[in-house]
Each structure stands twice: as structure tokens, then as C-alpha cells.
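Please open the model in your viewer, keep the selection panel at hand, and follow the stops below in order.

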2 protein chains.
Amino acid sequence: MSTAKVKVLIVDDHPLFRSGLRQVVESDSTLEIVGEAGDGELAVKLIQEIKPDIAILDVNLPGLNGLEIARKLQDKRLATRIIILTMHKDEETCNRALDIGAKGFVLKENAVEEILKAIAAVAAGEHYLSSSISGYLVRRRNRAEMLTAQKPGLDDLTKAERRILKLIAEKKTSREIAAELFISPRTVEAHRANICAKLSLSGSHSLLQFALENRSAL
Amino acid sequence: MSTAKVKVLIVDDHPLFRSGLRQVVESDSTLEIVGEAGDGELAVKLIQEIKPDIAILDVNLPGLNGLEIARKLQDKRLATRIIILTMHKDEETCNRALDIGAKGFVLKENAVEEILKAIAAVAAGEHYLSSSISGYLVRRRNRAEMLTAQKPGLDDLTKAERRILKLIAEKKTSREIAAELFISPRTVEAHRANICAKLSLSGSHSLLQFALENRSAL
DNA sequence: TTGCATCTAGGTAGTTCTACTTAGAAAAAT
DNA sequence: ATTTTTCTAAGTAGAACTACCTAGATGCAA
């Protein structure tokens, strides 16, 4: 990393954008552009031949788009790390890019300032997200926690009910719970019924479902 | 937001850093510094009196630290939005900050370039994370999905079994699934049994449990 | 073509949970 | 001290899942 230059390949269908990007990348003496492509097929071919350290892929490409390229490369287990470039600040695209294994995700509007930081981070094995996109991850994180945090009625459960709900979340049956608490299975079932009522749950095995989804909040 | 200036309060125990930050912030004409504090107690007092739009809090402070201040403010349901500044690139600190409700998280090493972007994003109701920190969120995201992705045996399920497992994860009963696929409930049950066998699941409602825990991998 | 896996479907039995009911004893709150 | 809530428990009914079994139809591969 410190001796040899980091080999970078640029994929974008717009020549003007490519040359702009090239200029920025070449302004960093630790980086070296080893190839360019204007469409998906060529990109896949070049990446397999040249094996660059980092490939910067536009999302909108003729033929294969950036995400599809990334998927192909991941399937072939190439060492080339992917940075996705995109115009639109789109949560879904970002999620899919990360799922596919992209290490970087940079908005074009921020590309000039951020691309060097992104390349450095990704070359070092880290991830890089355009800062304006990182809010999405926070929101996703919070969304998941909100669901468990603000469940209505969860706090007007009694102690015994709460104790039993915890054990349900541990995948125990009413009988097992009864044995563990030295009470009758029927009592456990009575508590279950009360919990269902308080949480306005109904249907088959609703409590098990609820307990599994909310076990972190118990 | 467009007429009045955004009121910003700065909290840091180091006067030199404060003045540097002040310069950067004041270079943006849409922002206005309405106060400064060098320790936690004063910070809490000033925020409650002045009610700034945004408070930039250092983590390392004499008395209350930035995170504790944020918690206090959150408890009092003030409208002031919090941006946390920190020296160290620490995942735990970042997580705690977000839990507490901080809207921004900026590393001091990136503060000069990022603080204005951060203020703008937060003032607009978005989140902002220092780009070098956003990798943590990605990693956390992936960690959670890895657990579900590599379940053994999940890939030697047949198409029909997979289809049914998906519907089970949607909390549907065998009867509902049967109706949806125009097959007999008994067929669905047969598939369930086969799936249980392949995944070596046993016990009460094991499939429902499995499906709920692994729904993202289906 | 034979054979294997898959999809389909039913039989029977047993377990577990839901949904209603009632009811006494203990604990908590008024 | 009285009322209310909570915890305990049981009856009955039905829905839903598991765990075994067999078996015809289909399609794919050796």
C-alpha cells in the first residue's frame, strides 16, 4: 500500500465526467488510473484482466449497471473493491449496493470533495459512505429500534406477565415455563391470554411472534 | 430557516478550538453563534435559556460530558438538535450518541471541512455522520445480516419449500398459504415437515420461529 | 427407460396455543 | 378497611403445528 500505487479503474458512460474524475484521482500521487470504461460489458472485462485495487462504478450505465457489475464481480470473488457513484440520493440503491458488497457509496454531487477520501478509506479496507447518505443508515437503525421501543401497552404488563413473556421469547412452551416457575400450565396460559388482550394480539401463535420480534425490548 | 439565521451554540473546554470553530461557523452567513460554554453545567444552563437551534457538543468536557448533556436535553424534550464532536473514532461512542438522539456526529479531524455540512443537514432535519464513521454503521448492518445469511442447509430447500417458507415468515397459517397457492393445506403441511427435516428443526412451532428469525435471508 | 427427487395429498395422533368462561387467594392501592 | 388488581387455576372448545405414515403424478437425469 505504501510502496506501490493504488490501481484505480473508472467506469462511467459520460466521457466528460470520466476525465473530471481522472483529474481528481491523478492529483493524488498515491493513486494510479489503470483503465476506463464507458459501458458495463467492457467494465467487467477490464476488471477481470487488469484486476485493479479499486473500481469506481457509475450506477447509470448502458448495458449492465454499476450494481449488476458489482454483483458479477462478487460472484467471481475478485479482490477488486467497489465504489458506487450515483446521481440520486436514493436509499434503496444504497442499500442494494451495500448488500452486493460495495465498499463505498458516493453521491456525484459530492464526488469532487469526497472521492479521494472514499478511495483512501476503501483501499484501507474500510467502508465509505457519502456523508449525506449516512443519515439513511441512522434512520434505518432507529426505525428498527423504534419498533421495539415504543410498542404501546408494553409497559402496562404486570411483573408476572413480563416474566412469562421473556420466557416465551426464549422459545419455551407454556408447559416448560410452568415447570420453571413452579406454577400450573393453566396459569401460564391465563397469563398468555391476558398479555394477548393487553397487547390486542390475536390469531395463531401471536404471542410467540410478538415475543420473538420484541425480545430486545424485554 | 431561510429568513432567520440558524442559532448555534458551541461547547468545548478548549478555548482555542472554540475560536477556530467559531470562525468556521461564522464564515457561513446563514449561521449565528448565540453562545459558548467550556463545561457541561454551563452548557446545560445556556441551552435551556437561549434555546439554540443547534448545539455542538464536545465529548470530552469537565463535569458533564457531551453525551450526558445530550441525554439531559432529550429528557427535557428541548427542540435543540445535537451535534457531537469527538477526537477518537470510536464505534461505541458513536452508537451511544445516536441512541441518545444526537443528530450529528463529527470527528474533530474532519471538523473544519464537515462541520458546515453537518450543521446544514441537521438544521434541515437530517442526520449527519462523519464519513469515516459511517463505515461502522455499515459493518453493524452487515454483521446482523451475516448471522442470517450463512444458515446451513437453507440453500438445499426446493423452490416450493422456499416459497412456503417466505409465506410462513409473513405470519400466514398453512391454510392461508394453501389458499394463496391453490394447493391443499395438507400439501403445505407436508412441505413444512420436509423443511423442518432439512433444517433439522424440531419442537413446537419451530418453523415459525425459524422463519421469523431468518426472514431477511429469504 | 429406469430411477430419483419433487410436488402433491391424505390418515392418524399428539402437542401447543388461542378463546372464551369462572373463581379463590394474595397483594396493592384507595 | 375496603376495593381493585394481580396471581393463581381450571373447564371446554377449537385452531394450528408437529410427527409419523402412505402414495399418485410429474419431471429431470443417468
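Begin by selecting DNA strand C in this predicted model, together with the 26 residues around the strand, of which A:S174, A:S202, B:T158, B:I183 and B:S184 come nearest. Next, colour the elements that give two or more residues to this surface: from chain A these are helix 8 (174–181), helix 9 (185–198) and helix 10 (206–213), and from chain B they are helix 7 (159–169) and helix 9 (185–198). The largest share, 5 residues, comes from helix 9 of chain A, and the surface as a whole holds 8 nonpolar, 12 polar and 6 charged residues.

Now move the selection to DNA strand D, which has 25 residues around it, with A:T158, A:I183, A:S184, B:S174 and B:S202 coming nearest. Here the elements giving two or more residues are helix 7 (159–169) and helix 9 of chain A, along with helix 8 (174–181), helix 9 and helix 10 (206–213) of chain B. Helix 9 of chain B gives the most to the surface near DNA strand D, with 5 residues, and by class that surface divides into 7 nonpolar, 12 polar and 6 charged residues.

For the last stop, hide the DNA and select helix 10 of chain A and helix 10 of chain B, whose axes come within 10 Å and cross at roughly 35° in a right-handed crossing. Show side chains for A:L208, A:Q209, A:L212 and A:E213, which meet B:L208, B:Q209, B:L212 and B:E213 of the partner helix; by class, this contact has 4 nonpolar, 2 polar and 2 charged residues.

Terms used: Residues are numbered from 1 along each chain as its sequence is written. Chains are lettered from A and ligands numbered from 1 in the order in which they are written. This is a predicted model: local features need pLDDT of at least 70, side-chain atom pairs count only at pLDDT 80 or more; totals for chains, interfaces and linings use all residues. A residue is near a molecule or strand if its C-beta atom, placed from the backbone, lies within 6 Å of it. Ala, Val, Leu, Ile, Met, Phe, Trp, Tyr, Cys and Pro count as nonpolar, Asp, Glu, Lys and Arg as charged, and the others, Gly among them, as polar. Axes are lines fitted to C-alpha atoms, for helices over the stretch in contact, and angles run from 0 to 180 degrees between N-to-C directions. A crossing is left-handed if the near helix is turned anticlockwise from the far one by less than a right angle, and right-handed if clockwise. Two residues are in contact if their C-beta atoms, placed from the backbone, lie within 7 Å.
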